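Here's a quick tour of the sheets in this fold and the empty space inside it. Have the model open as you read.

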Amino acid sequence: MPGSKQALRKDMLQMRNGLSSAYINECSEQICRALIQFPVYREAESVLFYMAFRNEADVRRGMEDAWKQGKQVLLPRANPADRSMRCFRVDSFAELEAGAYGISEPPDDPGREVDPERIQLVIVPGVAFDVNGYRLGYGGGYYDRFFAGFSTRSKRIGVAYPEQIVKTVYPDPHDQAMDWIITPHEVFTIHQPLL
Ligand SMILES: Nc1nc2c(c(=O)[nH]1)N(C=O)[C@@H](CNc1ccc(C(=O)N[C@@H](CCC(=O)O)C(=O)O)cc1)CN2
Ligand SMILES: Nc1ncnc2c1ncn2[C@@H]1O[C@H](COP(=O)(O)OP(=O)(O)OP(=O)(O)O)[C@@H](O)[C@H]1O
């Protein structure tokens, strides 16, 4: 069913567009509270976050906590030409600039670029996630390509509103699963077969 993924993306984006800012703020706060208590997060020394756009859950509270805890806070820069992402250390929100797609991104500062292999934890936004940890994004394949390029496997936490959890996102062979999904009231642990 090749049309299913696209139809789900359209439906889920439409749903998310309809969320009120009060609801988004409340969910974002609960998600961040759960994240900063989560043992995997607490143990991580380097964390790749994202800057929310188009009604994604806002994880800036998590970034603020990470700075306070002395963690290395990273953000991606998207390169639409080859749909790749590079990661840069960020020390404040003030240094961010509007990048591709209008997402707030770190400047392309070679001194601050971080080898993805060294990232211990990735906080992943999505359009939808399923109960097996698979993620539906905007269709660019950025995160799938990014994760596929690792030889060491960083831990991955998907972040979602309860409405974004579905039975299946019709995963393709290239789709990379999350290890956990944090929603406002629940943390899902994805059980993957040990390789
Ligand atoms: N906050 C946040 N940052 C992120 C991501 C994300 O999902 N969320 N990304 C995770 O991927 C990357 C950006 N990915 C994107 C991929 C496609 C479109 C986009 O606008 N696509 C068009 C479709 C047409 C086209 O292919 O250009 C659209 O949706 O209208 C935007 C961002 C990197 N940074
Ligand atoms: N590791 C990879 N190498 C090359 N191409 C890839 C890889 N992973 C995904 N792609 C390609 O990227 C495209 C988009 O994939 P998909 O629909 O799964 O994106 P998405 O996960 O929804 O989007 P995003 O990660 O940007 O939010 C597909 O055409 C797919 O073939």
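## Ground rules

Two strands count as paired if DSSP finds at least two bridges between them. Keep in mind that this is a predicted model.

## The three-stranded sheet

With that rule in hand, take the sheet ordered β9-β8-β11: it's open, and its pairing is mixed. At the edges sit β9 (135-136) and β11 (165-166), each pairing on one side only.

Strand β8 covers residues 128-130 and runs parallel to β11, with two bridges joining them. If you want a residue to click on, try Asp-130, whose bridge partner in β11 is Val-166.

## The eight-stranded sheet

There's also an open sheet of eight strands, again with mixed pairing, and the order goes β6-β3-β2-β1-β7-β10-β12-β13. Here β6 (113-114) and β13 (187-189) are the edge strands.

Within this sheet, β7 (residues 121-124) and β10 (residues 155-159) pair in the parallel sense over four bridges. Ile-123 stands opposite Ile-157 in β10. Now look for helix α2 (residues 21-37): it lies across β7, β10 and β12 (180-182), and it runs at about 140 degrees to β12.

## The cavity

How many cavities of 30 Å³ or more does the structure hold? Just one. The largest cavity contains about 40 Å³ of space.

Its lining includes Arg-16, Tyr-50, Glu-56 and Ala-57, along with Pro-125, Gly-126, Val-159, Ala-160, Tyr-161 and Gln-164. Sorted by class, that's six nonpolar, two polar and two charged residues.

Terms used. Residues are numbered from 1 along each chain as its sequence is written. Chains are lettered from A and ligands numbered from 1 in the order in which they are written. This is a predicted model: local features need pLDDT of at least 70, side-chain atom pairs count only at pLDDT 80 or more; totals for chains, interfaces and linings use all residues. Side-chain values use heavy atoms; hydrogens and water are left out. Contact means heavy atoms within 4.5 Å. Axes are lines fitted to C-alpha atoms, for helices over the stretch in contact, and angles run from 0 to 180 degrees between N-to-C directions. On a 1 Å grid over the protein atoms alone, a cavity is a set of points where a 1.4 Å probe fits but cannot get out, and a pocket is an open set with protein on both sides within 12 Å along at least five of seven lines; lining residues have an atom within 4 Å of a point. Grid points are joined across faces, edges and corners, and a volume is the space filled by probe spheres set on the points. Ala, Val, Leu, Ile, Met, Phe, Trp, Tyr, Cys and Pro count as nonpolar, Asp, Glu, Lys and Arg as charged, and the others, Gly among them, as polar.
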